[in-house]
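Biologist: Could you take me through the place where the protein meets the DNA? I'd like a close look at the atoms there.

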Amino acid sequence: MLFDNDRDGSGTIASVLVPVAVPGPYTYKVPPGLAVCPGTIVRVPLGPREVVGAVWDGMPEPGIDPRKLKAISHVYPAGPLDADMRRFVDWVANWTLSPPGMVLRMVLRSEEALEPEPPVAGVARVEGAAPDRLTPARRRVLDTMQDGFAWTKSGLAGAAGVSVSVIDGLVHQGVLEIVSMSASPAPPAPDPAYNAPALSPAQAAVATGLVAAFDRGYAVSLIDGVTGSGKTEVYFEAVAEAVRRGRQAVVLVPEISLTAQFLKRFEQRFGVLPAEWHSEVAPRRRARVWRGVASGDVRVVVGARSALFLPFHELGLIVVDEEHDTAFKQDDRVPYNARDMAVVRGHLAQFPVILASATPSIESRVNADLGRYTRFVLPERASGGALPELHAIDMRRDGPERGRWLAPALVAAMRETLADNAQSLLFLNRRGYAPLTLCRSCGHRFQCSHCSAWLVEHRFRGRLVCHHCGHSEPVPQACPSCGTVDALVACGPGVERIAEEVEALFPQARTLILSSDLPGGPERLRREMKIVEEGGADIVIGTQLVAKGHNFPLMRLVGVVDADLGLAHGDPRAAERTFQLLAQVTGRAGRFSGGGKGYLQTYSPDHPVIRALLSSDSEAFYAAEIEARRVAGLPPFGRLAALVVSGPDKPATEGYARAVARAAPPDAAVTVLGPAEAALAMVRGRHRFRLLVLAPRQFDMQGYLRGWLSRVPRAAGGLRLQVDIDPQQFL
DNA sequence: AGCACGCCGACT
DNA sequence: GTCGGCGTGCTC
């Protein structure tokens with residue numbers, strides 16, 4: 001904010017939010033001649049360096065020694081951030097108990113974007129000049145340039161089918177000259193009328209409902225549609241409506257599914273590729289998208305969760321695809337859930353938000369049941385194909401012989417599928433060869449020295465790996481405890497072990513493992529996904545990454561090797577996660593090739609999650625799960641739940657966690673999970689302790705946590721809270 | 001003595 | 001988040 005307090009000649013001052021973990025804006029002098037307003041993006045000195053910040057709303061903190069004030073050193077041409085954006089930053093900061101500057105940092109992550117796009121060097125014709133000899137290559141270049149525009153060297157070389165040296169030669173001769181090309185032209189806008197699809201009656205009804213939401217300002221729609229029901233086509237109609245209304249739109253997708261396939265579908269519908277925003281976009285391109293979003297040249301962005309913090313001025317729609325996906329959660333720095341913050345942003349700026357999933361999260365279902373969201377159901381596949389027929393294999397009765405992991409019934413189905421030249425998918429959410437290794441002689445179990453989780457054998461790499469902290473060591477010849485040689489046994493299966501069994505059963509089949517940790521990285525993974533997609537593999541063995549994003553058109557059979565995995569451990573969302581994962585995985589079968597089959601190997605065929613999966617009845621699952629939470633004394637999700645995660649590996653940390661548990665109000669259910677349970681419960685985190693607080697609806701969790709935080713001595717060092725509360729009731 | 005490393009506090 | 005200051009402990 002600006003303050004005209006020039007009465008004493010000291011000049012104006014402004015509040016500036018700086019990208020550091022301080023509680024609020026700092027005060028700076030505005031040098032004469034610089035024009036700033038709330039939202040202006042500025043560079044300011046901070047300690048020994050200069051940082052990028054933004055002029056912010058609010059009174060400067062009183063009691064700052066005026067002699068201490070430094071001056072804004074630069075005003076960026078980008079921006080200013082509008083009032084909606086500033087309110088959003090403040091809201092997210094308050095909600096996540098994070099310093100507002102740290103949230104602002106997420107908005108201003110591309111420093112390159114803050115300056116205008118630097119001009120690029122190009123070549124243009126010199127009026128009247130002709131080359132000494134007109135070779136065929138030179139002719140092609142000059143023909144290509146008949147439009148009279150300037151070209152970049154490489155662009156021209158590509159278009160004319162010559163090498164850059166031909167162009168250099170023409171420059172040398174004075175036929176072409178190096179010119180400075182101004183910023184690239186605005187990308188073509190998506191055309192809502194380009195290729196409107198023929199929607200089924202059910203899809204059309206949903207599309208109409210989504211479009212109608214635009215007249216209500218803020219409204220949240222939940223599209224609950226089985227895999228293959230055409231959710232994407234349907235919400236594209238809402239994107240089209242936003243574009244028609246002159247608004248910008250953003251589609252948030254879990255990072256993993258930001259695939260070429262998805263972008264191509266967008267192009268088929270709208271005639272142009274959308275702007276992309278995620279961590280793999282190169283800095284230059286990133287900067288261009290940021291500037292385009294701010295200037296309004298970019299109308300639609302498809303991106304990962306961080307796209308939510310782009311500086312839109314005319315945002316009129318957010319779509320969150322696969323809204324249940326945990327990739328929308330950021331666990332480090334500012335811990336936020338992009339799905340919830342999307343709803344908040346829609347609320348603050350009064351525009352519609354669409355959440356889409358085949359397996360909505362419990363909280364979104366509850367919010368729909370309570371009437372906060374409008375739920376649209378797409379119960380059938382758009383192709384008219386049936387959902388896969390699912391069977392349980394009771395491993396207690398019909399399991400495989402000792403030392404094998406695939407039941408006879410599943411093997412028979414694989415054989416049949418193979419004979420039909422179709423693909424099978426074996427799903428096991430466990431990387432490596434075996435999850436536990438022990439010594440046959442003395443019973444020693446290999447445990448991680450850093451975090452007490454079991455070490456997982458990775459036979460291809462010849463190492464024992466901790467999946468919790470990443471530590472790894474070579475597989476020893478002798479037992480480190482009793483010294484017996486060659487006495488180590490692998491217990492239980494991982495994908496590598498399943499592959500071994502498949503290769504023994506079907507030596508002639510083309511078998512492929514899809515697992516995130518195989519050598520070759522994401523590049524190889526993409527290649528292999530493509531191989532599967534094109535039919536280059538018969539049997540695919542995959543971890544959870546096969547559940548997401550990619551479509552496998554030839555997949556006809558899915559075998560879940562261990563359907564119970566993930567149902568047992570301490571995470572209160574274990575059942576929900578398992579249901580979502582297995583529904584997504586089995587939904588891969590027969591999605592494009594007509595009928596498909598799925599087998600669930602389980603020791604607990606009567607578990608509500610397994611039963612709901614078998615009957616393809618997600619209603620049964622939601623009812624059972626909500627009831628189970630009620631019986632367990634947990635408040636219904638979608639109301640209030642908080643996770644407090646404490647970070648560093650310090651004895652004091654556990655003490656603080658237990659102290660907050662004791663201080664909790666009587667009607668809040670508070671659980672402290674120790675390191676082992678936390679390791680199981682948090683797949684990706686490296687948290688040593690985890691405090692789970694479940695509080696009833698009317699309880700001010702934010703205030704409680706803030707009060708508690710203020711009492712934690714600094715000595716707790718780096719203690720971090722992760723708040724996982726559905727913000728619905730506060731909107 | 002010289003410096004690598006970790007911890008802590010300040011940053012307007 | 002990033003920097004500098006300062007203490008500890010190790011090496012030339």
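Which atom of DNA strand B pairs up with a polar backbone atom of Thr 27, and how many Å apart are they?

Modeller: Keep in mind that this is a predicted model. The partner is a sugar or linking oxygen of DNA strand B, 2.7 Å from that polar backbone atom of Thr 27. Gly 47 also uses its backbone: one of its N or O atoms there sits 3.1 Å from a phosphate oxygen of DNA strand B. With Lys 70 it's the side chain, where an N or O atom is 2.3 Å from a phosphate oxygen of the strand. As for which elements give two or more residues to this surface, they are β3 (26-30) and β4 (41-46), and β3 gives the most, with 3 residues. The full set around DNA strand B includes Val 22, Tyr 26, Tyr 28, Pro 45, Leu 46, Glu 61 and Lys 68. Of the strand's atoms that come within 4 Å of the protein, 48% are sugar and phosphate. By class, the surface has 7 nonpolar, 2 polar and 3 charged residues.

Now for DNA strand C, which has Val 20, Pro 48, Arg 49, Met 102, Arg 105 and Arg 333 around it. That splits into 3 nonpolar, no polar and 3 charged residues. The Arg 49 side chain goes for a base: one of its N or O atoms is 2.4 Å from a base nitrogen of DNA strand C. Arg 105 has a side-chain N or O atom 3.4 Å from a sugar or linking oxygen, while a polar side-chain atom of Arg 333 is 3.4 Å from a phosphate oxygen. Sugar or phosphate makes up 71% of the atoms of DNA strand C within 4 Å of the protein, and bases the rest.

Notes: Residues numbered from 1 in each chain as written. Chains lettered and ligands numbered in written order. Predicted model: local features only at pLDDT ≥ 70, side-chain atom pairs only at ≥ 80, totals over all residues. Heavy atoms only, no water. Near = heavy atom within 4 Å. Polar contact = N/O pair within 3.5 Å; in protein donor to acceptor, adjacent residues only side chain to side chain. Helix = DSSP H or I, 4+ residues; strand = E, 2+ residues; numbered from the N terminus. Nonpolar A, V, L, I, M, F, W, Y, C, P; charged D, E, K, R; others polar.
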